[in-house]
Structure formats: C-alpha cells, structure tokens
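Thank you for making time for this today. I would like to walk through one structure with you, slowly, and I will begin with a single residue before moving outward to the chains.

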Amino acid sequence: MRLLLDVFSVVAIVAGAVFYLAGTVGLLRFPDAYTRLHALTKADNLGLVLVVIGLLPQVNGVLAGLKLVLVWLLVMLSSAAVSQLIARSARRQETRP
Amino acid sequence: MADFLQSAGAFVVLMVALGLVRVARGPGRADRMMAAQLLGSGAVGALLLFGAASGESAVFDVALTLALLSAFASIAFVKFALRQDQPLDDEEDAT
Amino acid sequence: MTTIASGVVVLLLLWLALWTVVARDAFLAVAGFVVYGLLLALVWVRLAGIDVALTEAAIGGGLTGALLLGAVGRLRGTEAATAAEGAGAGTRALAALLALGVTGALVLGVLMLPEPAPTLAPLAVPALPATGVGNPITGVLLAFRALDTLLEAIVLVIALIGVWSFAPDRAWGGRPGPLYRADPQGILAYLARVLPPLGIVIGIYLFWAGADHPGGKFQSATILAAMWMLVQMAGLADTPRTDNRALRFGIVIGPLVFIAVGVLGLFTAGAFLGYPEGWAKPLILVIEVALLPTLAIVLALLMNGPPARPWASAGAPGAGPLPGRHAIASRDRPTRSSDEGGT
Amino acid sequence: MSVETLFALTACALVGIGLYGLIAQPHPLRKLVAFNIMGSGVFVLFGALAKRGAAAGLAADPVPQALLITAIVVAFAATAVTVALLLRLIESTDSASLAEPPAKD
C-alpha cells in the first residue's frame, strides 16, 4: 500500500513538474504578453494542482491535507483573477496583438 | 522519498528562475507584473515540496501566507504600477 | 540533494538582487525587489527559520512590496531629473571597490567563525516549560527577551507618528492616502470580497498556532493588515480617519497592556516584565491578544501614509473656503491619484 | 559546503550588492530599495548564524530568530517612514533630488 501511494505521488509530482516546465517554455517562446500570461497561469496552476495531489498521500494529519487544498484554492482563485487584471492593463498600455 | 521531493522542489525553483529571466526582459510592464504571479505559483509549489520532504508541516503555513501575500503583491502591481506614464480612463473596462 | 536545492535558490536570489540594483528605472527595481522579498521566504525555510519565513513572506514580500510600488506610482517623473545627478564612472568604480571590500571582509568573518558555534538554544529550551508556550521563538519574544518586543511595539507606534507628522497641518486628523476607486462589480472588487475572509481565517489560525508552532502575532497582524489594504485598494472601504478615537485606542492598546503587565511584574515577580510563577502563559496570552490589533492597525496605517485629505473640508464648521492654491493642491492630489486608481 | 555556510556567503554578497546600489543610484527610492537589499543580507547572515547554533533538539538557535522577526518588522516601519518622507519631499519641491540646493538667502 505504502509503495503504491509513493508511486502515485512520484507520478503526480513528475507530471506537475512537466507542467511547470511547459509553463516556462511557453513563457520563453510565446510572442506577446497575452500568450505568455496564458502559458504562465494555465501551466503553472496545473503544475501546482498535480503537486498538491501528489503530496496529499505524503502528509500525515487531516490539518496538513486541508492546508494543502487551501493553498491550491488560494492560488487558483488569485491567479485566475490577477491574470485577468494583468491582461487588462496589458491591453491598456500596449497595442493590441 | 525526501530526496525526490527535494529535487522536485529544486526543479520547480529552477523553472521559476528561467521564467523570471524571461519576464525580466519585458518588454512591457505587463510582463513584469507576471513576475509576482510566477513566483507565487512557483515558490508555493516549491515550498510544499520542501515542506513535505522535511516532514515539517508548518512549512505549509508559509506556503499559505506566501500564496495570500503574493496575490496581494500582484494586485498592488496592477493597481499602482501603471501610473506615471499615461493618463488612464479611470475605471475598469466594462466586465 | 538539499545543497542543490539551496544552490538554485541562492543563484536566483543573487541574480535578483543584482538585477534590482542595476535595473533601468525605479519601477523595474521595485518589481525585482518584490520578487526578491517573496523569494526570501524560501531562503528562511532552507535556514530552518519557519517563523522568520512566515514574517518575511508576509512583510518582506507583501507589505514592503506594495508600499514601494505605491511610492513608484507617485514619483511623477522625478527620475529623469535625478538621473543627471548620477554618480560618475569614478564614483561607481569606487563604490564597487568598497562593496567588494565589505563583502570580502564579511566572507573572511564567515570563514573564521568559531567552532562549535555559540548558541543560546541550550539555555532557552530548559526554561521554556516555565513559560507554558511550546514555540521557543514565542518564548523568546515574550518571556526571555520581552523587553525587545515591548520596545519594538513602541518603535512601530513612533514610526506611525513619524509618518503622520509628514502631513500638512490642515490634513491632520484626516484620512490618509488617495481614495481608491474601482468598478464595484469588477474583478478586483470580487477578489477583495473573497480573499479577506480566507485571509482573516489564516491570520487568526497563525495567531492561535503561534503558542506551540511557528506563527504568532506579527505574522497574523501582517496578514490582517494586507487584507485591510486589499479592501481599500478595491474601493470597498475608505482609509480610516486618523482622528478616530477607537482607532487611536487600538494603536496604543498593545504597548499599554504590555507595560501594565511589565509593571505588575515589578510587584509580583520582583522585576519589570517578570511573570509570577505559574502565571506566565495567561499573561503572555493577554499581551499577545492586546498586541494583535495594535500591530495590524499600525502596519496598515504605515502603508496608508500620512493623512492627506482633511475630512472637515466638506463644509464642516471652521473649514471655510480654503486659500486658493492649497484648495487646488488638496483637491487635485487625491483626485488625481484616484483617477489613476482604477484597475 | 553546508547550507548555512552557503547562505552566509550569499549574505555577504547581498550586503555588497546593496551597498553598491546605495552609493551608485541617485534616486532616493532606488537607494531605499538597495538599502533594503543590504538589510536583508544582514538578516540572512544572522539567520545562517542562527542555523549554525542548532542545539538542544532545535533546528536553529531561537534567540537570533526571534530577533530577526523583530528586525524585519522594524525594517518595514523604517521603510514606511522613509517612503513618506520621500513623497513629502517630492510634493513640496517637485523633485527627488538629494543634492544641496543652490545657496540663496
């Protein structure tokens, strides 16, 4: 059982790391602020979700698990809203793509 | 397992670092505003991994605080950082 | 493995610091510094200072960053003028030499540190049970080095008085800072309604956890202050009137209770800030509870800056028609800022 | 190299970087940012010393760590006062220059 959970964690966290990688590659490669923002928020959030899911079997105690989920919720919420705000201000100060 | 988590954390920090290098090049201010956000999701992920690696669940509290305050910093970016150079139509665009 | 993780953090930290110092303009420098401040939280975790990491994540990244960003927004093109006063190549070279010299001296100091390292932990740990708290840092802050913490609370209040004293006479007692406006149905207002409840829960949790685990009043107060700022930035609440009695009471309550407990110790335990046997934990709790509002209010007001908008100008008795130039200046400044305050 | 030595050496470099910015950058806000970097270097150095003092079952010496928390909060307060001073300077002189104003009576 322990081994199975560990394997699950490793797989999820590696997948999360791949999404972080994808986010960074997108950030490096995409041509304008909007697409870069897209790469950043989508990929990094998926990365974080997978890391959280992967870590859930590794923590002991309900409180620690709750905190993990709360971290994820917070980041989701704020990054969804903040990326909107950033995109808006980008549109305001630059020419439209 | 701890070693794996540590290296995963290091990898995430590395990704954040590369992303920051790109963000630092700009060109617009919007790119720079992504920095706080990038560090928000990246450092939070790294903190969770480091915390689970050391088994110290209080690190999760740091991640919580960082998630909250990096959102705050991002908002301050958007709110304050546009000033000075251009006059704005003062309200948000219609949603 | 842990060294590699630390190495990556260190490289990123150094690059950010350099980038911040040599950045082209003030906005870029502050942007770099915000990220730098957030990253420092990672450094503290790696240095086994969870309490410090919490404080740094909250203050170093969040509050200081927002404070400096707010300042950048109000530089009004003063940068170009000072750029002409920039240090010449010779001065720069000398500055670089001096910086190298200081770094070199410090490195020598680090390499010659005594082994084994001096530490007070063996003194602090056995004394901890007497205080009734489980977190050694809370024990240090409120029992072994309580005087430092008392003075710190007083320093914060004095800093606030210092900030307020930059207000023009006519604005004294008024509301600080610009009036922020934003679309009440907009995304920012939405965030400012959703995040603060979460933030308050997290803040109070950290406060509660501080007795036995990392956390405590500083971290908690910072989060509460940030949430208050968020509500203000979204235009959902104005900054408080600085002549409000309840507000001023909140500002001084912490130090006053702290001093009262300290004087009490003079009679019951024979020393200023001494706790009588068995009473340490309840007294520490009393001090913490009294310090929390003080810290939260003072931190938020420090962010807000000096009073700028006299509340009496809206036709209150005694306000009268103001001298033209002042009236224009006073109306102009906050309004301009608020015009820019949309998101 | 141990983690604490690594961070202690980094801290030395941070102090140097901050000091350079403090001298070389003309604008007061830039100086303030540089000073904060210098300050954080001092904090990290202090924190590394705290880590070296791990003993009695603790991961680090709690006394310097408690002082660090105090220091971070006080540094914020000092920064806030400086920002208020700077904004007042800009408001009253329309310039952020720290140069001696030309002598006049």
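C:Val163 counts as buried because 26 other C-beta atoms lie within 10 Å, and the cut-off for that label is 20 or more. Please keep in mind throughout that this is a predicted model. C:Val163 has its place in helix 8 of chain C, which covers residues 146-164. If we set aside its neighbours within four places in sequence, C:Val163 is in contact with C:Leu302, C:Gly305 and C:Pro306 in chain C, and also with D:Ala80, D:Val81 and D:Ala84 in chain D. C:Met303 is 140 residues away from C:Val163 along the chain, and yet the C-alpha atoms of these two are separated by 9.6 Å.

Let me put a second residue beside that one. C:Ile59 lies in helix 3 of chain C, and it counts as buried because it has 29 C-beta neighbours inside 10 Å. Which residues does C:Ile59 touch, not counting those up to four places away in sequence? They are C:Thr64 and C:Thr222 from chain C, together with D:Ile72, D:Val73 and D:Phe76 from chain D. Here too there is a partner far along the chain, since C:Ile59 and C:Gln219 are 160 residues apart in sequence while their C-alpha atoms are separated by 8.0 Å.

Both of these residues lead us to the contact between chains C and D. Four pairs of chains touch, and among them the pair C and D has the most contacts. On this interface, 82 residues of chain C are in contact with 71 residues of chain D. The element that gives the most to chain C's side is helix 3, residues 50-72, with twelve residues. By class, that side of chain C divides into 55 nonpolar, 16 polar and eleven charged residues.

Now for the other pairs, and where is there no contact? Chain A and chain D do not touch, and their nearest C-alpha atoms are 20 Å apart. Chain B and chain D do not touch either, with 11 Å between their nearest C-alpha atoms. Chains A and B, on the other hand, do meet, with 41 residues of chain B in contact with 43 residues of chain A. On chain B's side, the elements that give two or more residues are helix 1 (2-24), helix 2 (29-54) and helix 3 (58-80), and helix 2 gives the most, with 15 residues. That side of chain B has 26 nonpolar, ten polar and five charged residues.

Let me return to chain C as a whole, which has 13 helices and two strands. Of its 343 residues, 52% count as buried. Among its contacts with a separation of 6 or more, 75% are between residues 24 or more positions apart. The domain assignment gives domain 1 as residues 1-73 and domain 2 as residues 122-343. The contact between them takes ten residues from domain 1 and 14 residues from domain 2, and the ten on the domain 1 side divide into seven nonpolar, two polar and one charged.

Chain A makes a useful second example. It has three helices and zero strands, so far as its elements go in order, α-α-α from the N terminus on. Its radius of gyration is 16 Å, well over the 13 Å that the globule rule gives for 97 residues, so chain A is more spread out than a compact globule. Its C-alpha atoms fill a box of roughly 55 × 25 × 10 Å along the principal axes. Of the 97 residues of chain A, 46% count as buried, and residues 24 or more positions apart account for 64% of its contacts with a separation of 6 or more.

Finally, I would like to turn to the nonpolar core. Which residues of the largest nonpolar core touch the most other members? Of its 230 residues, these are A:Val71, B:Leu47, B:Leu48, C:Leu39 and C:Ala41. Helix 3 of chain B gives the most to this core, with 18 residues, and the core also draws at least three residues from each of domain 1 and domain 2 of chain C. To take one of those members, C:Ala41 is in contact with B:Ala43, B:Val62 and B:Leu66 in chain B, and with C:Ala53, C:Glu56, C:Ala57 and C:Gly61 in chain C, leaving aside its neighbours within four places in sequence.

How values were computed
Residues are numbered from 1 along each chain as its sequence is written. Chains are lettered from A and ligands numbered from 1 in the order in which they are written. This is a predicted model: local features need pLDDT of at least 70, side-chain atom pairs count only at pLDDT 80 or more; totals for chains, interfaces and linings use all residues. Helices (H or I, at least four residues) and strands (E, at least two) are DSSP runs, numbered from the N terminus. Ala, Val, Leu, Ile, Met, Phe, Trp, Tyr, Cys and Pro count as nonpolar, Asp, Glu, Lys and Arg as charged, and the others, Gly among them, as polar. Domain bounds come from an automatic or database domain assignment. A residue is buried if 20 or more other C-beta atoms lie within 10 Å of its own, exposed if 12 or fewer, and partly exposed in between; C-beta atoms are placed from the backbone. A nonpolar core is a set of buried Ala, Val, Leu, Ile, Met, Phe, Trp, Tyr and Cys residues joined through C-beta atoms within 7 Å. The radius of gyration is taken over C-alpha atoms; the globule rule is 2.2 Å times the number of residues to the power 0.38.
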